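Work through the exercises below with the sequence and the coordinates at hand. Each task is followed by a solution in steps.

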Amino acid sequence: MPQKTVSEPGIQLGAQQLEILLDSTRELIAVLGMDGTVHFANSTFESVLGYKPQELLGRSFHALIHNQDVEQIREQWKGTTARPKSSFTDRCRLRCRDGSWRWFEISCRNCIEEPGLEGVLLNAIDVTEQQRMEAERRVISDVVHALNETANLDQLLTRIHDALKRIVAAENCFVALYEPQDDTFQIPFFVDEFDSAPPPQKVGRSCTAYVFRTGLAKLIPQSEFDHLVEIGEVELIGSPSPAWLGVPLKTPTATIGVLVVQHYLNASAYDMRDLEFLDSVGGHIALAIERRRSEDELRRNEIGRASCRERV
């Protein structure tokens with residue numbers, strides 16, 4: 001880094017003053033090598049992501065990028081590093097030290113020919129909340145389109161799952177719908193890395209039943225699950241998962257079921273933002289499911305009446 005920087009009014013900034021300015025901004029600022037290695041990082045990395053600047057030095061910045069975003073960033077990176085003074089701006093998720101993810105708008109500029117930098121200057125602004133609001137609107141829009149474009153409940157739930165897994169870790173996901181006639185959960189949608197789709201089951205004392213009984217979205221890490229077992233609120237059903245998140249599916253008149261996502265490896269796969277997000281779209285999902293079930297039932301009744309008329 002240069003020892004002095006001269007601004008237009010003629011104020012000279014020494015290296016220590018410049019460092020103070022860089023560390024006081026809310027932006028992540030870094031200088032990266034042409035291979036993505038971190039040569040400099042400001043202290044905002046610690047306050048936002050949890051990493052001390054010195055522990056990032058020599059590491060690849062690309063290693064912080066979410067697997068679903070890294071190839072897109074790498075492609076733009078190749079073009080930028082190939083041409084001095086070129087740049088790109090994009091959004092991606094960066095991993096926090098605690099394993100959670102935050103969305104950033106990153107800008108990278110090739111400064112290889114600028115003395116004192118001789119690398120890629122990176123600026124990144126946290127846009128997690130903005131991304132969440134946009135994602136929520138997209139999911140609701142996708143649910144509405146799926147309702148209009150699918151022929152049955154199975155297709156609707158598959159489309160809803162496709163929309164959700166672009167936002168949260170939903171490799172393991174199921175929907176449990178309550179059947180009041182026999183006090184059971186039907187499982188019309190189930191994807192899981194380890195377990196097979198279960199048959200209809202009594203409500204019982206699973207985590208799913210706990211969310212249904214309370215009517216509240218629940219983030220249940222292993223420590224909370226152990227506590228709930230001790231006080232008799234829940235019992236283990238299926239493979240244990242260190243990260244479990246369930247939200248009630250509520251219409252204006254009733255709770256019709258529960259939407260669950262879980263992760264078997266990463267205890268920090270979900271946070272309160274994920275809970276708030278799924279809870280906020282849960283009502284829209286519930287209304288879509290209820291409408292599709294009603295339409296499916298009406299269709300079956302019409303087929304049944306037509307069959308009776310033919311026999312007569």
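**Exercise 1. A helix and its packing**

Which residues of helix 4 are buried? Then check the length of the helix and find what its buried residues pack against.

Solution. The model is a predicted one. Step one is to sort the residues by relative accessible area, where buried means under 20%. In helix 4, the residues that count as buried are Asp-69, Val-70, Ile-73, Trp-77 and Thr-80.

Step two is the length. Helix 4 has 15 residues, and at 1.5 Å a residue they should span 21 Å; the C-alpha atoms at its ends are 21 Å apart, so the expected span and the model agree.

Step three is the packing. The partners of the buried residues of helix 4 are strand 3 (28-32), strand 5, strand 6 and strand 7 (120-126).

**Exercise 2. The loop after helix 4**

Describe Pro-84 and Lys-85 by place, accessibility and backbone or contacts.

Solution. Begin with the place. Pro-84 sits in the loop between helix 4 and strand 5, and Lys-85 lies in the loop between helix 4 and strand 5 as well.

Next comes accessibility, with buried under 20%, exposed over 50% and partly exposed in between. Pro-84 has a relative accessibility of 40%, and therefore counts as partly exposed. Lys-85, with a relative accessible area of 64%, is exposed.

Then look at contacts. With neighbours within four places in sequence left aside, Pro-84 is in contact with Asn-110, Ile-112 and Glu-113. Pro-84 and Arg-109 are 25 residues apart in sequence, and their C-alpha atoms are 8.3 Å apart in space.

Last, the backbone. Lys-85 is not a glycine, yet its phi is positive, about 70°. Glu-118, also not a glycine, has a positive phi of about 50°; Glu-118 is in the loop between strand 6 and strand 7.

**Exercise 3. An enclosed helix**

How many of the eight residues of helix 7 are buried? List them, and name the elements they pack against.

Solution. First, count: six of the eight are buried, so helix 7 is largely enclosed by the rest of the structure.

Second, list: the buried residues of helix 7 are Cys-207, Thr-208, Ala-209, Tyr-210, Val-211 and Phe-212.

Third, find the partners. These buried residues pack against strand 8, strand 9, strand 11 (218-219), helix 8, strand 12 and strand 13.

Fourth, look past the end of the helix. Gly-215 follows helix 7 and has a positive phi, near 70°.

**Exercise 4. The cores**

Which residues of the largest nonpolar core touch the most other members? Trace the elements that build this core.

Solution. The largest nonpolar core has 36 residues, and those that touch the most other members are Leu-164, Leu-249, Leu-259, Phe-277, Leu-278, Ile-285 and Ile-289. At least two residues of this core come from each of helix 5, helix 6 (153-164), strand 8, strand 12 (243-250), strand 13 (255-263) and helix 9. Helix 9 gives the largest share, eight residues.

Now take one member. Not counting residues up to four places away in sequence, Leu-164 touches Val-139, Leu-259, Phe-277, Leu-278, Val-281 and Ile-285. Apart from this core lies another, of 25 residues, among them Leu-28, Phe-45, Trp-77 and Val-120. Trp-77 is also one of the buried residues of helix 4.

**Exercise 5. Two pockets**

Set out the volume, lining and residue classes of the two largest pockets.

Solution. Start with the largest pocket, which holds about 500 Å³ of space. Its lining has 26 residues, and His-66, Arg-93, Trp-101, Val-168 and Ala-169 lie nearest its centre. Elements that give two or more residues to this lining include helix 4 (67-81), strand 5 (87-95) and strand 6 (101-110). By class, nine residues of the lining are nonpolar, eight polar and nine charged.

The second largest pocket has a volume of about 420 Å³. It is lined by 26 residues, with Phe-174, Ile-237, Gly-238, Trp-244 and Gln-262 closest to its centre. Strand 8 (172-179), strand 9 (184-191), helix 7 (207-214) and helix 8 (222-230) each supply at least two residues of this lining, and strand 9 gives the largest share, three residues. The classes here are 14 nonpolar, nine polar and three charged residues.

Notes
Residues are numbered from 1 along each chain as its sequence is written. This is a predicted model: local features need pLDDT of at least 70, side-chain atom pairs count only at pLDDT 80 or more; totals for chains, interfaces and linings use all residues. Side-chain values use heavy atoms; hydrogens and water are left out. On a 1 Å grid over the protein atoms alone, a cavity is a set of points where a 1.4 Å probe fits but cannot get out, and a pocket is an open set with protein on both sides within 12 Å along at least five of seven lines; lining residues have an atom within 4 Å of a point. Grid points are joined across faces, edges and corners, and a volume is the space filled by probe spheres set on the points. Helices (H or I, at least four residues) and strands (E, at least two) are DSSP runs, numbered from the N terminus. Ala, Val, Leu, Ile, Met, Phe, Trp, Tyr, Cys and Pro count as nonpolar, Asp, Glu, Lys and Arg as charged, and the others, Gly among them, as polar. A nonpolar core is a set of buried Ala, Val, Leu, Ile, Met, Phe, Trp, Tyr and Cys residues joined through side-chain atoms within 4.5 Å. Buried means under 20% relative accessible area, exposed over 50%, partly exposed in between (1.4 Å probe, protein chains only). Contact means heavy atoms within 4.5 Å. The expected span of a helix is 1.5 Å times one less than its number of residues.
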